[in-house]
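Reader: I'm new to this one and keep tripping over the labels. Could you walk me through what they rest on?

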Amino acid sequence: MQIIIVGCGKIGRMLTVQLSNDGNNVTVVDTNADIVRDISTQVDVMGVVGNGTSYSTLKDAGLEDTDILIAVTASDEVNLLTCVIAQQKSNCHTIARVRNPIYSEERHFLRSELHLSMTINPELEAAREIMNLIRFPNAIEVDSFSNDRIDLLRFRIPEDSKLDGIVLKDAAQKIGNDVLVCIAERGNETLIPNGDYQVRSGDVLTIIIAPWKANEFFHKCGVRSRRIHSVMIVGGGEISYYLVKMLLKERIEVKLIERDRKRCEELNDEFPDATVICADGTNQAVLAEEQIDDMDAFVSCTGIDEINVILSMYAQEHVQKKCITKINRISENEILTRLDLDTIVDPKKITSQRIARYVRATGNSMDSNVETLYRLLDNRVEALEFIIRPHSKIIGINLQDMPLKDNVLVAGILRDGKLIIPRGQDSFQENDAVIIVTTHLGFHDIRDILKNPDSLRQ
């Protein structure tokens with residue numbers, strides 16, 4: 001597809017790399033010539049220097065022939081205006097990053113009145129991610145499919161787990177038939193395990209499961225359920241704003257520490273049921289005074305990644321159940337993988353994944369549809385949700401007879417609202433939602449899972 005990305009900041013750059021690697025023709029637009037030159041050289045994409053609200057600039061970028069325009073500059077107003085101009089001069093899909101809470105509350109109005117295909121707020125998406133992790137504190141990472149009816153949960157096997165030493169083909173006796181291990185990590189090795197894989201303590205497993213069965217699964221594994229009742233947050237930015245609102249709605253006790261007095265007053269007025277402390281959250285004496293040792297969970301959410309990392313390393317020795325670190329600039333590959341942090345949330349990564357998911361869904365064939373896409377483990381693994389369309393040639397073939405590519409796992413089938421953990425005798429039916437986990441990147445169609453997809457077209 002032809003894609004224009006307006007704004008080459010952190011999210012714009014990440015999107016450029018991801019969408020270009022997916023085989024799309026990408027043109028980037030930014031007012032900074034040095035940034036355009038740098039990214040167009042490194043990623044081998046077209047670059048145009050100019051303002052996205054200028055029709056002549058968009059025309060130079062190929063607006064008339066573009067399929068999707070993505071506006072992710074630092075200004076909500078520029079993003080919205082750019083999309084409006086694109087809508088008037090082209091029939092393309094438009095996606096706008098909108099960060100202001102006022103706009104976020106009116107996102108449905110904006111989408112319908114401005115004919116936007118999608119609006120996305122990185123801070124709101126990050127807050128939702130953190131809230132998911134607080135709901136499932138045993139998990140390191142939670143990704144959802146089919147309107148939250150299926151979850152991918154990533155967690156570490158503790159030393160005293162009943163799964164330690166078990167072979168996966170024998171695991172059903174201990175964990176039941178309604179869960180499937182999709183990914184196994186051991187040291188620097190990542191693989192899609194077969195039935196002969198033996199689980200060891202310290203392994204990080206990713207499972208597919210219905211959300212309401214997660215606590216039962218952890219209980220069967222001998223992992224103590226850790227429901228969270230209290231959360232301490234350091235940093236009073238927009239992510240914290242959205243997160244506090246979600247936590248209070250779940251009747252979870254919230255203690256927020258922010259050093260800026262004016263911001264504290266705003267948050268205190270907005271959330272009278274939360275405890276807002278005006279203090280330096282990096283001060284150990286302040287944390288001790290506010291009883292960090294009695295808190296179930298801790299979220300380091302300042303605007304400085306290094307401070308968040310240090311705070312989390314300290315908090316992990318004190319909080320009872322969960323520690324979440326927000327990062328926005330540090331590369332996970334370079335630094336964070338060496339640290340034993342509990343859970344990391346990266347707003348730009350979440351945002352780029354959601355946009356890439358929409359792009360992938362827009363560009364695929366009629367036989368099937370990529371409804372949801374997650375790139376996992378530093379983009380080494382993809383988890384995709386396909387919808388099986390009527391008359392698809394893949395319908396009715398038993399999985400045991402399906403010539404799947406290596407490192408492709410059919411992880412789940414959602415049929416009539418029920419999750420099916422697939423076995424050899426199962427097959428795809430019309431309107432099924434099918435979850436695929438694979439180390440192959442760039443699948444667009446359900447037939448891509450086959451060694452010879454052309455054989456189904458006869």
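**Labels and what backs them**

Author: Happily, starting with salt bridges: the count comes to 19, where a salt bridge is a side-chain nitrogen of Lys or Arg within 4 Å of a carboxyl oxygen of Asp or Glu. This is a predicted model, where local features need pLDDT of at least 70, side-chain atom pairs count only at pLDDT 80 or more, and totals for chains, interfaces and linings use all residues. Residues are numbered from 1 along each chain as its sequence is written, and side-chain values use heavy atoms, with hydrogens and water left out.

Reader: What makes Arg 128 and Glu 125 a salt bridge?

Author: Their closest N and O atoms are 3.0 Å apart, and the rule asks for within 4 Å, so the label fits. Both residues sit in helix 7 (residues 122–135), 3 residues apart, or about one turn of the helix. Helices here are DSSP runs of H or I with at least four residues, strands are E runs of at least two, and both are numbered from the N terminus. Glu 125 and Arg 128 also join Arg 354 in a network of salt bridges.

Reader: Why does Glu 125 count as buried?

Author: Buried means under 20% relative accessible area, exposed means over 50%, and partly exposed is in between (1.4 Å probe, protein chains only). Glu 125 has 10%, so it goes down as buried. Arg 128 comes out at 33%, so it is partly exposed.

Reader: How do you know that Arg 259 is exposed?

Author: Its relative accessible area is 58%, so it passes the cut-off for exposed. Arg 259 forms a salt bridge with Asp 280, with 2.9 Å between the closest N and O atoms. That pair links distant parts of the chain, 21 residues apart. Asp 280 has 28%, so it is called partly exposed.

Reader: How many disulfides does a search of the whole structure find?

Author: It finds 0; a disulfide would be a pair of cysteine sulfur atoms within 2.5 Å. For Cys 83, the nearest cysteine sulfur is that of Cys 92, 8.0 Å away. That distance is outside the cut-off, so Cys 83 is in no disulfide. Cys 83 is buried, with a relative accessible area of 0%, and Cys 92 is buried too, at 4%.

Reader: Why is the pair of Phe 145 and Tyr 374 called edge-to-face?

Author: Rings of Phe, Tyr and Trp (its six-membered ring) pair if their centres lie within 6.5 Å; planes under 30 degrees apart count as stacked, over 60 as edge-to-face and the rest as tilted. For Phe 145 and Tyr 374 the values are 5.2 Å centre to centre and 90 degrees between the planes, so edge-to-face is the right name. Phe 145 lies in strand 7 (residues 141–145) and Tyr 374 in strand 18 (residues 368–376), so the pair ties together parts that are 229 residues apart in sequence. Phe 145 is buried at 1%, and Tyr 374 is buried at 10%.

Reader: What is Phe 217 in contact with, leaving aside its neighbours within four places in sequence?

Author: Contact means heavy atoms within 4.5 Å, and the partners of Phe 217 include Phe 155, Leu 163 and Ile 175. Ring pairs also link Phe 155, Phe 217 and Phe 218 into a cluster.
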